[in-house]
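Me: I'm new to looking at protein structures, and I'd like to learn how to read one feature at a time. Could you walk me through this one?

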Amino acid sequence: LNAEFEGTTSFPEDMTPAIYVTGSIDRLAVEDLLRVWPTDLAGGARSWMADNIFEGFIGPLGLATDIGPGMLSQDALPEEALALVFPVDGVTANYMTGLTLMTELKGDALLSGNTFQMSVSEANIGPLSASAGEVFIPNLHTSDPPGDIRAIVSGSTADVLTLIDMEPLGYPTRFNVEPTDVDGQAEVGLDLTIPMRRDLDVDDVRIAITVNATGLGMQLSETRTLSNARAQYFVDNDHLTGEGTGDLNGVPLMFTWEENFSSGDYYSTRVGVRGTLDEGGRERLRLVTPDWMSGPIAVSATFLGNEFDFESAEVRADLTAAQADIDLINFVKEPGERVSGVGKIDFLDGGAVTISDMHIEGLGTEILGEFALDDAGRLISASFPIVRFGENSNFGLELDAPNEQIPSWRLYGHAMDATRI
């Protein structure tokens, strides 16, 4: 160990000594620095390095002290009392217990009287690359001071998901996502506030993670595949929010995602989807639609459930470009006629659905009611207390059409155009 120092010290009566020193220490291994670092000098920083820096090199170090009489007996040194600056390289470091270690870390560090700071220019986290890193640990004199750790991590989406699937995070597992089944590239901004102690629970760590993913692809279910997606996500201890675009079974869609980790709400998951679905798109998505409707439909839907097990959806649809023809009641809607609708869909076992709180309106048209479709899209029941369209139709209807049975209809109200019955 080579070092050069100059300065003065004094020993006032009944006070800790004054130390005014400047100097330098040649490059040395981390373990060698810890051997010569007094345990009572910036002990919090020393403890953090001993617990979290496992190998690598530090230095050359530049040291300047301005420690006045009695300062060493205070709970904390003033910031200006100490300045130890040094580069680091080849370092292996822990940033969150349980996750893959950082290796080949390069950067610069500053230890002042009561604060440790380090900037990281580059590092590896397994197959991932890390850059623009920062470590900031104030209040070193306290027990288990909280430290802020930030970094930009980039690589394949599969490798990123593998990292954040490790305990204590476990995000992909929570949503039944197998990291190795996901395609694409991702850049992740890590922002962690971690108490500097060994025994940590995930609830002790403040987590803020931003994710930008491109070329994202994954199998969402046995019948639905996401491809060519771009997405941005933000995750903290309580929430996940995200938005993006992609192809679902080849159908271009925009989507949003909200996940509430801690709420007592009945539904923890809300996924919003917007897009235009024609017959081919609806077929690719295996969405059941009645045979009396055709053409493109612009849809905005919010799916509600728990961790992608959806129970219902709130839907808004622009039917202007669609065509409808229900011969029994002589209802004809041509493409271009402005009509819109809202409704609530409940997803039943086996693929059947019910549509309730339905309200369709347009120029001269208003329909209120509910209906049910079986897993093949066949209308099996309906209740429409208000059906108004054209000049001659203002009525209500009830339909009951159990499987393989003759359907029964009940029509009531003021008038109905029955010319096509």
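Reply: Sure. Let's begin with a rule about strands: two of them count as a pair if DSSP finds at least two bridges between them. Keep in mind as we go that this is a predicted model.

Me: Okay, so how do β18 and strand β19 pair, and over how many bridges?

Reply: Here's the general idea: strands of a sheet pair through backbone hydrogen bonds, either parallel or antiparallel. In this structure, β18 and β19 (residues 309–318) are antiparallel, with 9 bridges between them. The hairpin they form has 2 residues between the strands, and E307 there has a positive phi near 50°.

Me: Which other strand is joined to β18?

Reply: That's β16 (residues 269–277), which runs antiparallel to β18 (residues 297–306) and is joined to it by 9 bridges. Try following V299 on the screen. Its bridge partner in β19 is A317, while G275 has V299 as its bridge partner in β18.

Me: What is the strand order in the open sheet of 3 strands?

Reply: The order is β17-β20-β21, and the pairing is antiparallel. The edges belong to β17 (293–294) and β21 (331–333); each has a single partner strand, so one side of each has no neighbour in the sheet. Between β20 (residues 323–326) and β21 there are 3 antiparallel bridges. For one of the matched positions, look at I326, whose bridge partner in β21 is F331.

Me: Now helices. How many residues of α3 are buried?

Reply: You'll need one cut-off here: a residue is called buried when its relative accessible area is under 20%. By that standard, 6 of the 8 residues of α3 are buried, so the helix is largely enclosed by the rest of the structure. Those buried residues are T157, A158, V160, L161, L163 and I164.

Me: And what covers the buried residues of α3?

Reply: The cover includes strands β8, β9 (128–137), β10 (146–156), β11 (183–195) and β12 (206–219), along with the helix α4.

Me: What about loops? Is L169 buried or exposed?

Reply: Don't guess from the word "loop"; check the accessible area. L169 is in the loop between α3 (157–164) and α4 (171–174), and with a relative accessible area of 7% it is buried. Sequence distance is worth checking too: L169 and G98 are 71 residues apart along the chain, yet their C-alpha atoms are separated by 8.8 Å.

Me: Can we try another loop residue? Where is N114 found?

Reply: N114 is in the loop between β7 (102–112) and β8 (116–125). Its relative accessibility is 9%, so N114 counts as buried. A polar atom of its side chain lies 3.1 Å from the backbone nitrogen of H141. Setting aside neighbours within four places in sequence, the contacts of N114 include A76, L77, E79, I137 and P138.

Me: Last topic: charges. How many salt bridges does the count come to?

Reply: The idea first: side chains of opposite charge can pair when their charged atoms come close. The count here comes to 8 salt bridges. One of them joins R27 and D89, with the closest N and O atoms 2.8 Å apart. R27 lies in the loop between β2 (18–25) and β3 (28–29), and D89 in strand β6 (residues 82–93), so this pair ties together parts that are 62 residues apart in sequence.

Me: How accessible are R27 and D89?

Reply: R27 is partly exposed, with a relative accessible area of 45%. D89 counts as partly exposed as well, at 24% relative accessibility.

Me: Which residues are linked in a network of salt bridges?

Reply: E134, R150, D191 and R206. Within that group, the side chains of D191 and R206 meet in a salt bridge at 3.1 Å, N to O. D191 is in strand β11 and R206 in strand β12, 15 residues apart.

Me: And what is the distance, N to O, in the salt bridge of E366 and R388?

Reply: That one is 2.9 Å. The pair links distant parts of the chain, 22 residues apart: E366 sits in strand β24 (residues 365–373) and R388 in strand β25 (residues 379–389). E366 is partly exposed at 25% relative accessible area, and R388 is partly exposed at 34%.

Key. Residues numbered from 1 in each chain as written. Predicted model: local features only at pLDDT ≥ 70, side-chain atom pairs only at ≥ 80, totals over all residues. Heavy atoms only, no water. Helix = DSSP H or I, 4+ residues; strand = E, 2+ residues; numbered from the N terminus. Buried < 20%, exposed > 50% of the residue type's maximum accessible area, 1.4 Å probe, protein only. Polar contact = N/O pair within 3.5 Å; in protein donor to acceptor, adjacent residues only side chain to side chain. Contact = heavy atoms within 4.5 Å. Salt bridge = Lys/Arg side-chain N within 4 Å of Asp/Glu carboxyl O.
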